[in-house]
Amino acid sequence: MSGIIKLGFRKVTVENLHKLTDVLESPDRSRALLTVANHESTFDDPLIWGIMPAHLRWQPETTRWTLGARELLYKNPVLNAFFALGQTIPTVRGEGIWQLAVEIGLRKLDEGRWVHVFPEGRVNQEAQLLRFKWGVSRMIMEAERTPIVVPMAFRGMKEIMPLGQKVPLPRPSPFTSELRVKFGDSIDFGPLVLEWRRARSSLSAEDAAELDRQVRISIADRLWTAVNGLREAA
């Protein structure tokens, strides 16, 4: 873990990181990796990088691709280059699940890469998680090979980076704040996706569209439940 992270909190607890790294480093892995998490602050993504073992931080093959809000990240040529090199896909909020960012995420999954998504779609510091967006469901459903999905959850980032600050930077609190990150068991959506593909092949276009919607909801709800359970247990 990066020492910089430890300096910002009184206590840092990372539980079950091996549930991510074991998948990432497995020589037998033949499918892409998709991770999902709640979104407490704009520093959640750098935090993922910071808690990874040092030998995994600098390799493109073991570095996540992620979807990030274009209006916040891609503001000028310098930031554009920085976030592009950091494997961040510019996402336009409100353009839905058919936008280019989701297509690129799918492409990365088809290449066997690691893609990370914050399915709430924006920073949320309320007690209740927001409904998960369906873009992540579409990526799981339409990837050539259903990815391995690992849920994770953060608790504590909102204490050092509350919304509404004039300067959106972390406020380290090494004497009072605690950071907790918890990883869960991988979720196998393979059987659900296989059944969905079989069922829709014999349906009319209208019925297939309705089935697609129902499966997207089912996947998003299952992910929400997994992340929410980790968040409450962290």
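**Exercise 1.** Find what Ile140 touches, leaving out residues up to four places away in sequence.

*Solution.* Start with the ground rules: this is a predicted model, where local features need pLDDT of at least 70 and side-chain atom pairs count only at pLDDT 80 or more, while totals for chains, interfaces and linings use all residues. Residues are numbered from 1 along each chain as its sequence is written, and side-chain values use heavy atoms, with hydrogens and water left out.

Next, look for contacts (heavy atoms within 4.5 Å). Around Ile140 you'll find Leu34, Thr146, Pro147, Val149, Phe189, Val193, Ile219 and Leu223.

**Exercise 2.** Work out which residues touch the most other members of the largest nonpolar core, and which elements supply this core.

*Solution.* First, the terms. A nonpolar core is a set of buried Ala, Val, Leu, Ile, Met, Phe, Trp, Tyr and Cys residues joined through side-chain atoms within 4.5 Å. Buried means under 20% relative accessible area, exposed over 50%, and partly exposed in between (1.4 Å probe, protein chains only). Helices (H or I, at least four residues) and strands (E, at least two) are DSSP runs, numbered from the N terminus.

Now the core: it has 33 residues, and Leu34, Ile140, Phe189 and Leu223 touch the most other members. At least two residues each come from E2, E3, H7, E5, H8, strand E6 (148–155), helix H10 (190–200) and helix H11 (205–233). H11 gives the largest share, seven residues.

Don't stop there: a second, separate core has 24 residues, including Ala37, Leu47, Ile48 and Ile160. In soluble globular proteins, nonpolar side chains tend to be buried together.

**Exercise 3.** Describe the surroundings of Ser137.

*Solution.* Place it first: Ser137 sits in helix H8. Then check burial: its relative accessible area is 0%, so Ser137 is buried. Beyond its neighbours within four places in sequence, Ser137 contacts Arg216, Ile219 and Ala220. Finally, the Ser137 side chain reaches the backbone nitrogen of Ala220 at 3.4 Å.

**Exercise 4.** Do the same for Ser41.

*Solution.* Ser41 is in the loop between E2 and helix H3 (44–51). With a relative accessible area of 1%, Ser41 is buried. Skip the neighbours within four places, and its contacts are Val123, Met157 and Met161. Its side chain also reaches the backbone nitrogen of Phe43, at 3.1 Å.

**Exercise 5.** Which residues of helix H7 are buried, and what covers them?

*Solution.* In H7 (residues 100–110), pick out Ala101, Val102, Ile104, Gly105, Leu106, Lys108 and Leu109. Their cover includes strands E2 (33–37), E3 (65–69), E4 (88–91) and E5 (114–117), plus helix H8 (135–142).

Terms used. A polar contact is a pair of N or O atoms within 3.5 Å; within protein, one must be able to donate a hydrogen and the other to accept it, and residues adjacent in sequence count only if both atoms are side-chain atoms.
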